[in-house]
Amino acid sequence: MAYVDVPEPVVQPYTAKIKIAYSGICGSDYHIVAGYETPGAPRTYPLTLGHEYCGTIAEVGEGVTNVKVGDRVTALVTVNYCGKCLSCLKGEFYKCAHVQNMGYECDGSMTDYIVVPSAGIFKLPDSVSFEEAAQIEPACVAGNAVLVKADLKPNDTVVVMGAGPIGLLILQFAKLQGAKVIVIDLSTETKKLALAKQFGADYILENDKCDAITEVRKLTLGRGVDYLFECTAVEGCINQASLMVRARGKFIELGITPPEGTSFKFFLLLVMQGIDVLCSFGHLPSMWEKVIELLAEKKINTKDLVTHKFKYTQFEEAFALKGPERVKVLLHP
Ligand SMILES: [Zn+2]
Ligand SMILES: [Zn+2]
């Protein structure tokens, strides 16, 4: 990794230039730095990372009517879609044959200025700060898992395996739906577990200090939970978690598993119990509108997830930061 000068991007028709306020470090950014490749989407380097961002409109291209210079905004991760195919016309830009994801297949947001299609830009209400807005993207990831994939109902039982930023956002969405939520992480993750308590977890299990499978069964009349959200992508946790789901329940994976593969040790058990194994990745534009509303109404909290902020010039320190006090790290110019 290096901090270098890059050319300032040029506005085209139907695009706008955003002056970045914050760009968050995602779990997947740590993976890219560690050398993970994305199947089917080879990266070309040099590559500017970053896809969790917000900022201010600095310039608009011809034909742009939805935003103006000075507006505080965030925008989709998907860019370079054609805007004309059936998927694009339905707003499902991520399905377009031309689509690229910022910070993965094309340059991302850890820079001063970006240019993105105006169709993917969302204005921020005055009540939503830039610190909060930098995590609208991860909140949409959690919202997609809970509201689109899982279809949670009141009193459904849930395990959130892994209390990182995504797990803590899933907890908040699950509580909004009226679910009973058990959060599981290591006892050493003191900050994450404190936030889980703050965000209303009904039970917190310290995975290194108890038999979590037995505890989950005790808390669910011996059956296991209706929905399990697996956010660690660690094979041992995936297999442990698969034994916490009730028959005909749903196991939902959100983690970025290692490129060398992951195995379900108890797959036959999942089959025989009719458990749905689902994967949740990304989000639809409609989820962005919903998350912005929820933030404006203070129904979800992204602000308290931010534990550290660094300037771009401090990128080495920012990416190297580990330990129990780190939850979400934001970078800024
Ligand atoms: Zn991300
Ligand atoms: Zn298209």
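## Exercises on a predicted model: sheet and helix packing

In β9, Ile 182 is the bridge partner of Val 159. The model is predicted: local features need pLDDT of at least 70, side-chain atom pairs count only at pLDDT 80 or more, and totals for chains, interfaces and linings use all residues. Residues are numbered from 1 along each chain as its sequence is written, and chains are lettered from A and ligands numbered from 1 in the order in which they are written. Helices (H or I, at least four residues) and strands (E, at least two) are DSSP runs, numbered from the N terminus.

**Exercise 1.** Place strand β9 (residues 180-185) among its partners and describe its burial.

*Solution.*
- Step 1. Strand β8 (residues 157-161) and β9 run parallel and are joined by five bridges. Two strands pair if DSSP finds at least two bridges between them.
- Step 2. From β8 the chain passes through helix α5 (residues 165-176) to β9 in a right-handed β-α-β crossover. Right-handed here means that, with the strands pointing away from the viewer, the path from the first strand over the helix to the second runs clockwise.
- Step 3. β9 also runs parallel to strand β10 (residues 203-206), with four bridges; Glu 206 in β10 is the bridge partner of Asp 185.
- Step 4. Helix α6 (residues 190-198) forms a right-handed β-α-β unit with β9 and β10.
- Step 5. Five of the six residues of β9 are buried (20 or more other C-beta atoms within 10 Å of the residue's own, with C-beta atoms placed from the backbone).

**Exercise 2.** Write the strand order of the open sheet and find its edges.

*Solution.*
- Step 1. The six strands pair in parallel in the order β10-β9-β8-β11-β12-β13.
- Step 2. β10 and β13 (276-279) each have a single partner strand, so one side of each lacks a neighbour in the sheet.
- Step 3. Within the sheet, β11 and β12 share five bridges in the parallel sense, and Leu 228 has Phe 251 in β12 as its bridge partner.

**Exercise 3.** Characterise the packing of helix α4 (residues 136-150) against helix α10 (residues 285-296).

*Solution.*
- Step 1. The two axes come within 9 Å and cross at roughly 110 degrees. Axes are lines fitted to C-alpha atoms over the stretch in contact, and angles run from 0 to 180 degrees between N-to-C directions.
- Step 2. α4 and α10 are therefore roughly perpendicular (65 to 115 degrees).
- Step 3. The contact (C-beta atoms, placed from the backbone, within 7 Å) includes Ala 139 and Gly 143 of α4 and Trp 288 and Val 291 of α10.

Key. A residue is buried if 20 or more other C-beta atoms lie within 10 Å of its own, exposed if 12 or fewer, and partly exposed in between; C-beta atoms are placed from the backbone. Angles under 35 degrees count as roughly parallel, over 145 as roughly antiparallel, 65 to 115 as roughly perpendicular and the rest as oblique. Two residues are in contact if their C-beta atoms, placed from the backbone, lie within 7 Å.
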